[in-house]
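Trainee: Could we go through this structure together, one piece at a time? I'd like to see how each answer is reached.

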Amino acid sequence: MAQVARQLQQDSNTLQDKEGKYLTFTLAAEDYGLEILKVREIIGMMDITAVPQTPEYVKGVINLRGRVIPVIDLRLKFGLEAAEYGERTCIIVVEVQGAAGAVQMGVVVDSVSEVLNISGDDIEPPPSFGSRLKTQYILGIAKAKGTIKILLDIDKVLTGEEMAGLESLGS
Amino acid sequence: MTDQAPDSQKLIEGLEGLALKVVMLEEGDLPGLGSFLNHLETLKELLAPECAPEVTLLFQQLEEVGNKLILQEITAAAQGQELLGQGVSLLLIWAREHKFPKDGEAWKTYCRLSQELGLGGTGERPPQSEAEPAPAPAADLEGFIWEDQELTASFITEAREHLEGIESGLVHLEQAPTDLAAINAVFRPFHTIKGVAGFLNLPQIQELSHEVESLLDEARAGRIEINAAIIDLTLTGVDRLKEMLEDLQEALSEKRPLRTFDLEDIKSQVKELQEQGPSGEVPKRQLGEILVSQGEISSSDLNQALEKQKTEAGAPPLGEILVKEGKITPKKVARALVDQLTEEKAIGEAAVSPAGTEGKAPADAQMAPTIKIDLAKVDNLVNLMGELVIAQSQVRQNPNLLGVSDQKLERDLAQMSRITTELQMISMSMRMIPIGQTLRKMVRLVRDLARKSKKQVELHIEGEETEIDRNMVEAIYDPLVHMVRNAVDHGLETPKEREVQGKPPEGHLWLRAYHKGGNVVIDIEEDGRGLDRDRILAKAQERGLLQPGDQLTPAQIDNLIFEPGFSTAEKITDISGRGVGMDVVRQTIERLQGKVEIHSRPKEGSRFSIRMPLTLAIIDGLVVKVGKERYILPAVAVRETLRPAAEDYFTVQGQGEIIKVRSQLIPLLRLHRLFRTENGETHPTKGLVMVVEYDGKAQGLLVDDILGKQEVVIKSLGETLQNIKGLAGGTILGDGRVGLILDLAGLFALGQT
């Protein structure tokens with residue numbers, strides 16, 4: 001009993017750690033949130049140069065003020081249906097921790113919504129969907145303004161095992 | 001009021017931190033803004049519920065402004081940030097005085113800014129106060145620790161440079177043990193290291209450098225003589241110091257305590273050497289030595305004469321023998337004898353006052369004043385310059401501008417492009433450093449190698465000032481070490497062998513660096529035995545690299561040593577000859593877009609020439625079109641371009657494709673198929689075949705068309721994409737899009753799977 005209580009206590013502690021500002025955006029009909037501290041900038045859609053021999057969700061590379069950075073389509077990454085890029089399509093440039101330090105990457109999303117302050121009390125741990133859906137990319141689910149926002153662990157999304165696989169695919 | 005004190009104290013501290021954050025915000029710095037907002041949120045919770053409503057309002061407004069800045073709804077970011085700054089200082093005043101400044105400067109500015117940004121003011125004026133605007137936040141205490149770390153890091157770099165200088169100084173000293181300037185050149189850096197280490201509180205480094213320094217000081221004062229033992233001990237000290245610096249660097253990055261090193265062995269040896277006591281007399285230079293150093297006779301002449309002196313009856317003076325042999329005129333001998341006398345006197349004086357002597361110090365190049373810059377900054381500058389050039393060409397190609405025929409505009413544009421080109425050249429040159437440092441590292445290596453293999457080697461370094469890209473310098477180091485090892489170990493003979501062949505006992509090794517036709521060339525030349533072509537041939541046949549009937553030119557035979565797994569050394573030494581030799585060297589150099597050439601003559605020696613581009617950051621590229629994509633091929637690798645006739649195209653088992661170029665059969669790789677590009681040219685007879693060479697093999701690449709040749713700046717594709725096979729990186733093309741640069745090593749590997 002005490003153990004369970006401690007476990008609960010611990011869970012809520014880690015959820016408390018997750019409170020803070022999130023940049024929210026939409027993908028298909030769903031709302032997502034990214035920790036604002038990871039966001040470098042938000043840019044409109046631009047020409048992407050495709051890189052051969054990469055998975056479909058790697059859209060390619062762009063020229064971000066003289067730097068070449070890779071761009072990932074989050075819809076494709078999450079197995080959602082691909083969509084035409086439109087006026088509201090954005091690339092959110094994030095900085096994630098790679099094996100050799102911080103790296104910048106772009107993620108394509110349908111549209112950017114707002115910056116939300118989410119308190120720890122409003123965050124719940126990711127629900128379990130069994131084997132149908134893996135939730136390793138999800139920090140938690142936040143209740144805000146009557147809807148829910150899926151809070152993403154963007155480090156895991158962009159540098160997780162699959163991306164590591166991407167590296168070995170090349171070598 | 002008093003029970004609120006801890007909270008309000010916390011608030012004031014928090015607000016001060018917040019003010020610092022605002023000051024450090026940069027335009028578009030989203031994480032900074034994010035952390036500002038988070039901080040604001042925590043402070044809001046500290047507010048007592050009964051606090052003035054305008055304070056809460058102010059908090060809300062600041063939050064709103066922050067959010068709008070992030071979403072880029074406020075276009076005048078600088079003003080928005082100033083507003084944040086003013087808001088925070090208002091809050092600070094309130095937190096200190098518990099009332100709002102009435103009509104204070106800060107409040108006025110805040111209202112004006114918020115109106116300009118279209119964010120309505122708070123409506124009512126806050127209550128009175130006579131407070132001054134907030135003072136600057138107190139300096140962060142942590143800053144000192146950070147500063148210390150930076151100091152330590154720069155100490156490590158500097159100390160390493162000093163140690164390198166010491167090493168080459170010592171080797172020089174070994175040849176001229178009485179050269180006071182040389183002793184000083186070794187002594188001074190130790191002294192510097194000791195001083196800085198003491199200042200940074202690194203006791204062990206300080207202790208060790210002190211020990212060595214005191215030993216050298218004895219020598220400087222003429223109390224002991226520089227001999228092999230002292231040089232060896234000093235070198236041991238240098239090696240130990242290097243280890244310590246290594247440890248210090250690791251400790252710094254891992255934030256762990258320093259290792260403890262055992263210094264007793266060195267300390268006791270220093271003591272021993274010091275106790276040898278004052279040497280009776282400072283040795284004078286021999287007449288022969290003076291003559292050689294003046295260039296009057298060669299060292300081989302001297303050796304012959306010395307030999308004669310020993311064998312001939314009565315042992316006539318050296319000068320007499322030389323004159324008799326017609327090597328030199330009596331007058332010159334006389335002058336050298338006078339030199340010897342004055343020098344003796346000078347040494348005697350020098351022993352008393354070390355500062356007054358002149359000597360031949362190791363090339364202490366005259367340096368223009370320099371500053372140290374973080375490499376990242378330079379890289380950034382080079383990147384931005386590349387961008388500026390592209391932006392400029394975009395402006396020039398703007399269709400609206402092309403329609404304008406205004407002479408002044410034309411002139412201004414021309415002026416601008418001249419300046420940008422010049423700027424780019426300057427920024428590129430900032431990455432260039434003289435190669436001397438790398439070459440000088442070989443001095444110690446050659447000395448150690450020569451000792452181990454019991455050979456006499458005289459090293460000549462030329463062209464130290466030749467400039468090369470910083471990144472190349474690091475990449476070239478390993479191949480260079482390997483080739484120098486080979487030269488000493490395999491190339492040069494032992495003194496005995498040399499004498500049998502009538503050569504002077506000491507071998508010569510030249511390291512030469514120079515610019516030639518936009519390339520840097522590094523020669524490694526020795527006057528040793530030259531490549532043994534018979535043995536190379538025998539070995540190649542043994543390894544199955546050759547068929548018995550093959551006819552090869554001497555150059556082709558020499559190049560066999562670059563084949564994988566080839567090593568001609570009969571015995572494997574601990575120095576070289578592990579069979580992972582020259583093929584690795586060639587690969588490394590080819591990866592640097594360079595080439596190695598061999599010139600060898602039996603019994604006379606060999607010369608290896610490494611030819612590389614000046615920089616790795618820019619390559620000469622051919623832009624090719626494949627379907628709707630553009631790729632860049634390094635021009636250096638392209639041998640020829642052709643459109644094969646139908647009868648020169650063959651398939652093998654319906655899959656492999658081959659084209660015949662003159663009499664050579666070359667495998668064909670279709671880039672569009674490999675990279676799955678849409679709309680690629682499907683048949684070789686319609687597209688273009690680029691014949692490229694890598695690692696001695698040729699391969700044909702099918703592309704649609706060549707779009708042009710240009711210099712491109714190589715940029716990494718980032719960590720996740722850097723290992724894609726067949727791609728070396730990306731570059732920004734003239735239209736601002738990214739073009740991908742092909743990597744031949746990868747393409748060749750792909751072609752074989």
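**Strands, helices and a contact between chains**

Mentor: Sure, and keep in mind that this is a predicted model. Let's start in chain B: in strand E5(B), the bridge partner of B:Leu509 is B:Glu526.

Trainee: Okay, so in which sense do E4(B) and E5(B) pair, parallel or antiparallel?

Mentor: Strands of a sheet pair through backbone hydrogen bonds, and there are two ways of doing it. E4(B) covers residues 507-516, and E5(B) covers residues 519-526. Eight bridges join the two, and their sense is antiparallel.

Trainee: And E2(B), which residue of E4(B) is the bridge partner of B:Val457?

Mentor: Strand E2 of chain B takes in residues 457-462, and six bridges join E2(B) to E4(B). This pair runs parallel. The partner of B:Val457 in E4(B) is B:Gly507.

Trainee: Now helices. How far apart are the end C-alpha atoms of H9(B), and why does that agree with a helix of 27 residues?

Mentor: Helix H9 of chain B runs over residues 228-254. The expected span is 1.5 Å times one less than the number of residues, so 27 residues should give 39 Å. The end C-alpha atoms agree with that, because they are 39 Å apart.

Trainee: What comes right after H9(B), and what is its phi?

Mentor: Inside the helix, the buried residues include B:Ile230, B:Leu241 and B:Leu248. H9(B) is then followed by B:Lys255. The phi of B:Lys255 is positive, near 55 degrees.

Trainee: How do H19(B) and H23(B) pack, and is their crossing left-handed or right-handed?

Mentor: Two packed helices are described by the angle between their axes and the distance between the axes. For H19(B), residues 470-491, and H23(B), residues 582-591, the angle is about 150 degrees and the axes are 9 Å apart. The crossing is left-handed.

Trainee: Which residues make that contact, and how do they divide by class?

Mentor: H19(B) brings B:Asp478, B:Pro479, B:His482 and B:Met483, while H23(B) brings B:Val585, B:Thr588 and B:Ile589. Sorted by class, they are four nonpolar, two polar and one charged.

Trainee: Over to chain A. Which strands stand at the edges of the six-stranded sheet?

Mentor: The sheet is open, with mixed pairing and the order E8-E1-E2-E11-E10-E9. E1(A) and E8(A), for instance, run antiparallel with six bridges, and A:Phe25 stands opposite A:Val112 in E8(A). Each edge strand has a single partner, so one side of it is left without a neighbour in the sheet; the edges are E8(A) and E9(A).

Trainee: Is A:Ala83 buried, exposed or partly exposed?

Mentor: A:Ala83 is found in the loop between helix H2 and strand E6 of chain A, and it touches A:Arg75 and A:Asp110. A residue is buried with 20 or more other C-beta atoms within 10 Å, and exposed with 12 or fewer. A:Ala83 has 14, so it is partly exposed.

Trainee: Last one: how many residues does each chain give to the contact between A and B, and how do those of chain A divide by class?

Mentor: Chain A and chain B each give 36 residues. Among the elements of chain A that give two or more are E1, E8 and helix H4. By class, the side of chain A has 18 nonpolar, 10 polar and eight charged residues.

Conventions: Residues numbered from 1 in each chain as written. Chains lettered and ligands numbered in written order. Predicted model: local features only at pLDDT ≥ 70, side-chain atom pairs only at ≥ 80, totals over all residues. Axes fitted to C-alpha atoms, helices over the stretch in contact; angles between N-to-C directions. Helix = DSSP H or I, 4+ residues; strand = E, 2+ residues; numbered from the N terminus. Left-handed = near helix turned anticlockwise from the far one by under 90°. Contact = placed C-beta atoms within 7 Å. Nonpolar A, V, L, I, M, F, W, Y, C, P; charged D, E, K, R; others polar. Pairing = 2+ DSSP bridges. Lists of a residue's contacts leave out its neighbours within four places in sequence.
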